[in-house]
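The following note sets out some points on the structure for a colleague's consideration. Please read them alongside the sequence and the coordinates.

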Amino acid sequence: MKKVYLFAEGNKNMINLLGGKGGNLSEMKSIGLPIPEGIIISTEACKEYYKNERVLSTELKKEILEQIDKLEKLTGKSFEGEHPLLVSVRSGAPVSMPGMMDTILNLGMNDETAKKMIEIFKDEDFVYDLYFRFIQMFSEIVMGVEKELFFKLREKLKGRLSNLELINKAKIMYWEETGEFFPESAKEQLFMAINSIFKSWENERAKVYRRINRIDDSMGTAVVIQEMVFGNLNEKSGTGVAFTRNPSTGEKNIFGEYLLKAQGEDIVAGIRTPEAIERLREELPDIYEEFVKIACILEKHNKDMQDIEFTIEDGKLFLLQTRNGKRSPYAAIKIAVDMVKEGLLTKEEAIMKVDPAVLPQLLHGNFEPAALKNATLLGKGLAGSAGVAIGRVVFASERVHTKEMTILVREETSPEDIKGISLAQGIVTVKGGATSHGAVVARGMGKCCVTGCGDIKIDDIRREMTINGYTVKEGEFISISGYTGEIYLGKVGLTKPQFDDNLKEFVSWCKEIKRLGIRMNADTVTDAQLGKGFGAEGIGLCRTEHMFFQKDKIWTIRGMILSHDTDEVARALEKMHQLQREDFYNIFKVVENDVVIVRLLDPPLHEFLPKEQKDKEKMAEILGVSLEEIERRVRNLKDENPMLGHRGCRLAVTRPELYNVQARAIIEAGIQCKREGLDVKPEIMIPLIIGAKELLFIKKNLITEIEKVFEEQGMRIDYKLGTMMETPRACLLADEIGAEVDFFSFGTNDLTQTTMGLSRDDSVKFMPEYYENGILKVEPFATIDERGVGKLVKLAVELGRKNPHIEMGVCGEHGGDPKSIEFFEQVGLDYVSCSPFRVLVAIVAAAQSHI
Ligand code: PEP
Ligand code: MG
């Protein structure tokens, strides 16, 4: 099978084989755009390389050389010939992984080639600059020599040595660092470069990037080998990166940066701070015009906002790459909506372009104008990625932890920072423009980012920074705005999340198209209001034990659990009854005519029992018993394994009065609402069941109590009774259980825990090794384990549907995860329920999975 292609042999439908870069370059070639010639080594060759114990096979080498031969003919240049061919060698996976893999420029350079090029270009400084850059990049990427060594060498010897002497020093450094001579033969250089690019697919930063972005490890990377054009040739040369629309705001105008007399890496690496693209209109007006024209063609052709790399060589424009641009969540929505209005996309196509996972950021609002007035402005950088963030300053990625809200402040970000960026709330860099690596990665992750804030001086030893006269130590709070680039001291107040008109319109399209119902997990009036505002269609899970987390209510449930004699129990029950009735009434009022599923108590007891001495004392006082007695009762109730202990409906089997009083409170609150004209639809849900007999036992008690309430009140309301599916046994016996209930709600948090035998609380400690060693691909508590847990869900759905009236949904964390939602759509659930901040994600993901 063919493994090496000329650009002319490919197109963008071959991206899996040729990588994004290769496929798009081929496509651009086919529509007649100015692209330097090149060849692509396919991802199949990369896969074969790994099968072949990381060795380039003889056949592959032969095929590469045959295609290089053709490239030489096409360009009229050749390796080591009179007109030397220099090439760039770049990785290009089927999905974009910006900055994650490697690029080598000016390959083919050696002493002889340099001489010939000096004759052609008549510019020794230029040629030796190319040569030096090549040695540095080759050393870094192929042999792992630190680039700083070369920069320092150049700094130290600049002006003191001739160009050739400097090159020789660089080669000596290569020899000292690697123990090998610098390869002179272009073909040897090429094979070594290809080898290292294939190898880079498995480097640590690429692996982390793939894991975070859920990219399949097995797809491999292609290698693009392309004739060099020289942006550093003269004043009429340069290099740039531009987007067809503003990637931060979505505005429809060319947005980008360029540097004259520079090579591509200078911009992407954020080493020199570039000029805004508008200036090119003044400096090289014809090139600017041509670029704008091409940008429009590319956007129309690819039906998406483009991120374009270009080089100008001596007044002639070349394109080096185009891809769909990464953008802030805000821009993603605006661009999607605008493109539908411009007739470029259908609604369905526009919906598919938005990554739902980054949407929660839109809901975090902006700084409050009043709070901003009083805030201390420390300085200003560039608006790298929209959003605002508040956190403690941290100067090193390895010190960013999940537990703390942090802002990572770095001189410039490198791909090694990927983990820190993913964990931090926001990112600030001292160097680099809005298209530098840090900004691109942050935008892709939906993180707020400020770049190029040159006023910051970081002192790594003292772990502090100074900025315009202020000193901020690691651990102190700052607030940053990715909309304006501003950095403030301390915590600045935030506005409430807001839906702008574009988002409203976009969500309305998703709602028209989706099939799955979207409900929220909400236990308080505030959450319910929030989720409703985001578009939730009722409550899919109200965790009643959480209702006791507020204010002093915890004492009611503690009292209930720790009460012993009948008087104590009766008092505690009555208190609980009153509190719950009021809570339910308030929630029903917010949700109005939509469904509310109330999950009866499921408190893992260890979360509710008093632990501290002062709490035990208070409990003793409330119940009127001695401290020793409370301690004894706490000891008796302690589970060795609380998550599999006396929780869920086990409580109702041992103490039926608990659920009865809750059912009473729900129905009474419902009747009160009905009297006030609301059409409430309470649904009562029993957690953690293991079989139909257990369910029937509880159901009988509940129905008896509910009938009593109807009689007392002289009024009936409609209600439903259902159960959570959270244990493998319940799923296996779903037909028996389904015959007894109106609905199932899969509690996939517990179902994952009980099916996999992995603790929800403890597994974080050992799971990282599971991902690193490829044992598991994704976090099973975040994305449903389709093969195992999912199989049980599927089976339970099939068995449960024997009751034709049954309704089924999911309310574990997976209900707000796009990949899991796709699965729930496929198995035919009726709704998903998730936390209010995920509602938007769920609506978009539900629409996407139905398209
Ligand atoms: C579940 O287990 O998925 C669930 C929603 O219940 P909880 O998280 O409250 O155990
Ligand atoms: Mg559960």
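1. In this predicted model, three strands make up an open sheet, arranged in the order S17-S18-S19 with antiparallel pairing. Strand S17 (456-459) and strand S19 (470-473) occupy the edges; each has a single partner strand, so one side of each is left without a neighbour in the sheet. On average, and with direction ignored, neighbouring strands of this sheet are turned by 20° against each other.

2. The pairing of strand S18 (residues 464-467) with S19 is antiparallel and comprises four bridges. Within this pairing, Glu 464 has Lys 473 of S19 as its bridge partner.

3. A separate matter is the metal site. Which residues are the protein donors of the magnesium ion (ligand 2)? They are Glu 726, through OE, and Asp 750, through OD, at 1.9 to 2.0 Å from the ion. These two residues link distant parts of the chain, being 24 residues apart. Glu 726 lies in the loop between strand S26 (720-725) and helix H28 (728-732), whereas Asp 750 belongs to helix H30 (residues 748-756).

4. Are the two donor residues buried or exposed? Both Glu 726 and Asp 750 are buried, that is, each has under 20% relative accessible area.

5. As to confidence, the protein chain has a mean pLDDT of 91, and 97% of its residues reach 70 or more. The scores for the model are ipTM 0.99 and pTM 0.80.

Conventions. Residues numbered from 1 in each chain as written. Chains lettered and ligands numbered in written order. Predicted model: local features only at pLDDT ≥ 70, side-chain atom pairs only at ≥ 80, totals over all residues. Heavy atoms only, no water. pLDDT = per-residue confidence, 0-100. Donors = N, O, S within 2.8 Å, 3.2 Å for Na, K, Ca; no water. Buried < 20%, exposed > 50% of the residue type's maximum accessible area, 1.4 Å probe, protein only. Pairing = 2+ DSSP bridges. Axes fitted to C-alpha atoms, helices over the stretch in contact; angles between N-to-C directions.
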